[in-house]
Amino acid sequence: RRHAGLVRPDFNDIADLPLPDGFEIRPIDPADRVMHRRVFEADIAAFVDHWGDVDSSEDAFERFIGDPLFDPALWRVAFHEDEIAGQILNFLEPVHEEGTRIGWTESISVQAPFRRRGLARALLAESLRTVRDAGATCAALGVDTGNARRALDLYESLGFRIVSDLLEFHRPVERSTIAEAP
């Protein structure tokens, strides 16, 4: 598989893209652990059919909320009625020595029943404004370039450009060839 790191080097010309009818972005209280769980589970559900491992364990949730970059105030979570329809879990890196600060627009997902309506595009435009207003000097994200929903096309259409590639190779290993631990 090929993964790519993308950067949007500035915040010029962020598209004004309204949410589709029937959706709204709601703020997520940094102290609302129940909502944090719902967001975590929505992320798992959105990627369950995607290539790779999805860790829905309690340990994974604890790592999620314990991450030093965990900042629900920066998240953009779209609801359809009371259901989480899509989300981008933005966060900021600390300021770099040269004064730059990356705003990450990660965990970009839309639940299956709400796809192909422009929700991810609108959430990403809003996320760019969010990280900009929080002090970022550029935005970044990572993508599996083989994503069946053509996520790379979306990101490039909103000004992101590939700056790094990572190739991931998998080879099945039969259990009998794995050395047994003492």
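# Exercises on a predicted model

In helix α3, the buried residues are L119, A120, A122, L123, L124, A125, S127, L128, R129, T130 and V131. The structure is a predicted model, and the exercises below examine it step by step.

## Exercise 1. The helix α3

Determine how far α3 is enclosed, and check its length against the expected span.

*Solution.*

Step 1. Buried residues have under 20% relative accessible area. By this criterion, 11 of the 15 residues of α3 are buried, so the helix is largely enclosed by the rest of the structure.

Step 2. At 1.5 Å a residue, the 15 residues of α3 should span 21 Å. The C-alpha atoms at the two ends of α3 are 21 Å apart, which agrees with that expectation.

Step 3. After α3 comes G135, which has a positive phi near 110°.

## Exercise 2. The nonpolar cores

Identify the residues that touch the most other members of the largest nonpolar core, and state which element gives the largest share.

*Solution.*

Step 1. The largest nonpolar core has 30 residues, and those touching the most other members are L6, L119, V143, Y155 and F160.

Step 2. Two or more residues of this core are given by each of β1 (2-8), β4 (83-88), α3 (119-133), β8 (138-144) and α4 (151-157). The largest share, 7 residues, comes from α3.

Step 3. Consider L6, with its neighbours within four places in sequence left aside. L6 is then in contact with residues including A139, L141, V143, L152, Y155, F160 and I162.

Step 4. Apart from this core lies another one, of 15 residues, among them A42, I44, F61 and F64.

## Exercise 3. Strand pairing around β3

Describe how β3 pairs with β2 and with β4, and name the residues that stand opposite A78.

*Solution.*

Step 1. Strand β2 (residues 23-26) pairs with β3 in the antiparallel sense, over 4 bridges. Within this pairing, I25 has A78 of β3 as its bridge partner.

Step 2. The pairing of β3 with β4 is antiparallel and involves 5 bridges. Here A78 stands opposite G86 in β4.

Step 3. Of the 5 residues of β3, 4 are buried, and the strand is thus mostly covered.

## Exercise 4. Positive phi angles

Locate E81 and R116, and state whether each is buried or exposed.

*Solution.*

Step 1. Most residues other than glycine have a negative phi. E81 is not a glycine, yet it has a positive phi of about 60°. R116 is not a glycine either, and its phi is positive at about 70°.

Step 2. E81 lies in the loop between β3 (76-80) and β4. These strands form a hairpin with 2 residues between them. R116 is found in the loop between β7 (109-110) and α3.

Step 3. A residue is exposed if its relative accessible area is over 50%. E81 has 64% and therefore counts as exposed. R116 has 77% and is therefore exposed.

## Exercise 5. Salt bridges

Give the N to O distances for the pairs D10 with R8, E24 with R26, and R132 with D133, and classify each partner by its accessibility.

*Solution.*

Step 1. Side chains of opposite charge can pair when their charged atoms come close. The cut-off for a salt bridge is a nitrogen to oxygen distance within 4 Å, and by this rule the count is 10.

Step 2. In the salt bridge of D10 and R8, the closest N and O atoms are 3.9 Å apart. D10 is partly exposed at 31%, whereas R8 is buried at 6%.

Step 3. E24 and R26 form a salt bridge with their closest N and O atoms 2.8 Å apart. E24 is partly exposed at 39%, and R26 is partly exposed at 24%.

Step 4. The salt bridge between R132 and D133 has an N to O distance of 2.9 Å. R132 is partly exposed at 33%, while D133 is exposed at 59%.

Step 5. Through shared partners, salt bridges join E24, R26, R38 and D82 into one network.

## Exercise 6. The chain as a whole

Summarise the chain by its elements, its burial and its contacts.

*Solution.*

Step 1. The chain contains 4 helices and 9 strands, and along the sequence they follow the pattern β-β-α-α-β-β-β-β-β-α-β-α-β.

Step 2. Of its 182 residues, 41% count as buried.

Step 3. Among contacts between residues at least 6 apart in sequence, 74% join residues at least 24 apart.

Note on methods: Residues numbered from 1 in each chain as written. Predicted model: local features only at pLDDT ≥ 70, side-chain atom pairs only at ≥ 80, totals over all residues. Heavy atoms only, no water. Core = buried A, V, L, I, M, F, W, Y, C linked by side-chain atoms within 4.5 Å. Buried < 20%, exposed > 50% of the residue type's maximum accessible area, 1.4 Å probe, protein only. Contact = heavy atoms within 4.5 Å. Expected span 1.5 Å × (residues − 1). Salt bridge = Lys/Arg side-chain N within 4 Å of Asp/Glu carboxyl O. Pairing = 2+ DSSP bridges.
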